[in-house]
Amino acid sequence: MNSIRAIMNEYEDIREKNKKELDKRKQELYAKLPRLKEIDDEMVNLGIRITKAVLMDKENREKLLEDLHKKQTDLKIEKAEILTANKYPKDYLQMKYSCKKCKDTGYVGSERCNCLMQKLIAHQYKQFKLSHRIVKENFENFNINYYSNEPIDGGRSPRENMQHIFMECIKYTKDFEQHNKNLLFIGRPGLGKTFLCNSIAKDLLDMGKSVIYQSAPDLVDLVRKYKFDFDNEEAGDEALKDIYVCDLLIIDDLGTELGTQFSGLVIYNILNKRLLENKKMIISTNLDVDEIIKTYSERISSRIFGNFLMYEFFGEDIRLKLQNII
């Protein structure tokens, strides 16, 4: 079962649960305060009469509707007074929603509610087994002391460089709604690129933002899977839409995907569409600038270098250091 279908079933279960709880509250108070049931029955009857009155000719309609609406108001006031007099909240006999914005449907009009976006992201994180990584790999656990304090070629030391990148990543996350920046992380493996990507993802998810984190090969495979899976077009439409509309798309390990015409087209289409719609991205790659230019077409490399802030990671492999420490 695809994510969207599974989540819509969750919403249906939530609505059914809330309805049962409302029915239970009603039965409890109807037995204790019979007038409340009489009021609810009268309200239903009034609703039917109002509907019929709307269809009447104008001459008879206006006065009747005015009287019916007045009776409705009087009954609502009486109901509220009975509830408060018996120390119940005024909304005690109203449906309770887990999400008041969409009323547990997942949609506000034709647009996805934030709660649905978060459920989709949670499903994706569970599917891609990333959730356990962001528990460990987050800003709080980042250790700048793993980086050397020795300047390289008379310039900045790896530690100074990482302090700068680290603070820029925190600022990027904190000011996420106020900027339209894309980040490009360049450097050899084991220097903290993926760690900082996970840290940014975690903080944004905690802020209620939708984040999709995919390696470049998995991203290409995902598009290939759904583009040619004609028996599962609905799931494909939803999965591919998420790539384009999520608040942040993180593409890890750019350059490790097979260098085919199809993969190049996938990368270009994703970059181009998100840039046109001002959707933010982070790209992490082990390639240097020259290798990116050699690996990708001019239309891809120009979009990367023209629209991303580049941060270069350098120093010793942190993972090797950790293995030696352990």
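I began with Leu254 and, leaving aside neighbours within four places in sequence, found it in contact (heavy atoms within 4.5 Å) with Ala216, Ile267, Ile283, Ser284, Thr285, Asn286, Leu287, Tyr296 and Ile304. I note that this is a predicted model, in which local features need pLDDT of at least 70, side-chain atom pairs count only at pLDDT 80 or more, and totals for chains, interfaces and linings use all residues. Residues are numbered from 1 along each chain as its sequence is written, and side-chain values use heavy atoms, with hydrogens and water left out.

Next I looked up the largest nonpolar core, a core being a set of buried Ala, Val, Leu, Ile, Met, Phe, Trp, Tyr and Cys residues joined through side-chain atoms within 4.5 Å. This core has 30 residues, and Leu249, Leu254, Leu271, Ile283 and Ile304 touch the most other members. Apart from it I found another core, of 26 residues, among them Cys169, Leu183, Leu196 and Ile200.

I then turned to backbone angles, keeping in mind that most residues other than glycine have a negative phi. Lys87, which is not a glycine, has a positive phi near 65°, and Asp104, also not a glycine, has a positive phi of about 60°. Is each residue buried or exposed? I use buried for under 20% relative accessible area, exposed for over 50% and partly exposed for in between, with a 1.4 Å probe and protein chains only. Lys87 is exposed, with a relative accessible area of 77%, whereas Asp104 is buried, at 2%.
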